[in-house]
Amino acid sequence: MTLAEAEFWAAFKASGTAPPDADARFHSAFGVGSGSDEGAALVVSGAKTATSSRPEDFGDQPPPAPGDLSILLGAGGVPRAVVETLSMTRSSLDEMDDDFVAAYSEWPDRAAFHAGMLEWYQGVDPGFTARSPLLCERFRVIWVAP
């Protein structure tokens, strides 16, 4: 955890919003996409309640599980909110249902979502296809710094 993340986490714990077991439930800090303020704003506003990752993106650490807490980062790694993981499922781009696509909230329709996701993930992994496995996370914002 960076100094900025640690200070943000301490403020969250002092806010009266944090559950008593917040430290035990901490998973990680992450940014949406490349860590943009636009992506973070979609999450903070409640418009974006889903995201995805390649299984290998977590390295040796397990992916978030329901109940885990994470710090959402904006541009430059600036902490913006604390989110709670609600669910984590494994799916390919071709298998994602319309509800998940809508909760992703970064593209106007399913076709744009499919094209945008392929472009994003192929930029990270040229071998990525619409059948490659992804971890699909649903989350909710539980605290935003005042």
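The side chains of Arg-54 and Asp-57 are joined by a polar contact of 2.7 Å in this predicted model, and the side chain of Arg-54 makes a further polar contact, of 3.0 Å, with the side chain of Glu-56. Arg-54 itself belongs to the loop between strand S2 and strand S3, the latter covering residues 69-73. With a relative accessible area of 14%, Arg-54 counts as buried, because the cut-off for that class is under 20%. Once its neighbours within four places in sequence are set aside, the residues in contact with Arg-54 are Tyr-121, Val-124, Asp-125, Pro-133 and Leu-134.

One of these contacts, Tyr-121, leads to helix H5, where Tyr-121 is buried together with Phe-113, Gly-116, Met-117 and Leu-118. A general property of helices helps in reading such a list: an α-helix has 3.6 residues a turn, so residues three or four places apart point the same way. The buried residues of H5 pack against three elements, namely strand S2 (50-53), helix H4 (98-104) and strand S5 (133-144).

The length of H5 can be checked against its residue count. The helix comprises 15 residues, 110-124, and at 1.5 Å a residue it should span 21 Å, because the expected span takes one less than the number of residues; the C-alpha atoms at its ends are 21 Å apart, which agrees with that expectation. At the N-terminal end, H5 is capped by Asp-109, of which a side-chain oxygen lies 3.2 Å from the backbone nitrogen of Ala-111.

Before H5 comes the loop that links it to H4, and Ser-105 has its place there. Although Ser-105 is not a glycine, its phi is positive, at about 60°. Ser-105 is partly exposed, with a relative accessible area of 24%, whereas Arg-54 is buried.

The strands that remain to be described meet at S5, which is also among the elements against which the buried residues of H5 pack. S2 and S5 run antiparallel and are joined by four bridges, and within this pairing Ala-50 stands opposite Arg-138 of S5. Strand S4, which covers residues 79-92, likewise runs antiparallel to S5, and 11 bridges join the two; Glu-84, for its part, has Arg-140 in S5 as its bridge partner. S5 is therefore paired with both S2 and S4, since two strands pair if at least two bridges are found between them.

Note on methods
Residues numbered from 1 in each chain as written. Predicted model: local features only at pLDDT ≥ 70, side-chain atom pairs only at ≥ 80, totals over all residues. Heavy atoms only, no water. Buried < 20%, exposed > 50% of the residue type's maximum accessible area, 1.4 Å probe, protein only. Contact = heavy atoms within 4.5 Å. Polar contact = N/O pair within 3.5 Å; in protein donor to acceptor, adjacent residues only side chain to side chain.
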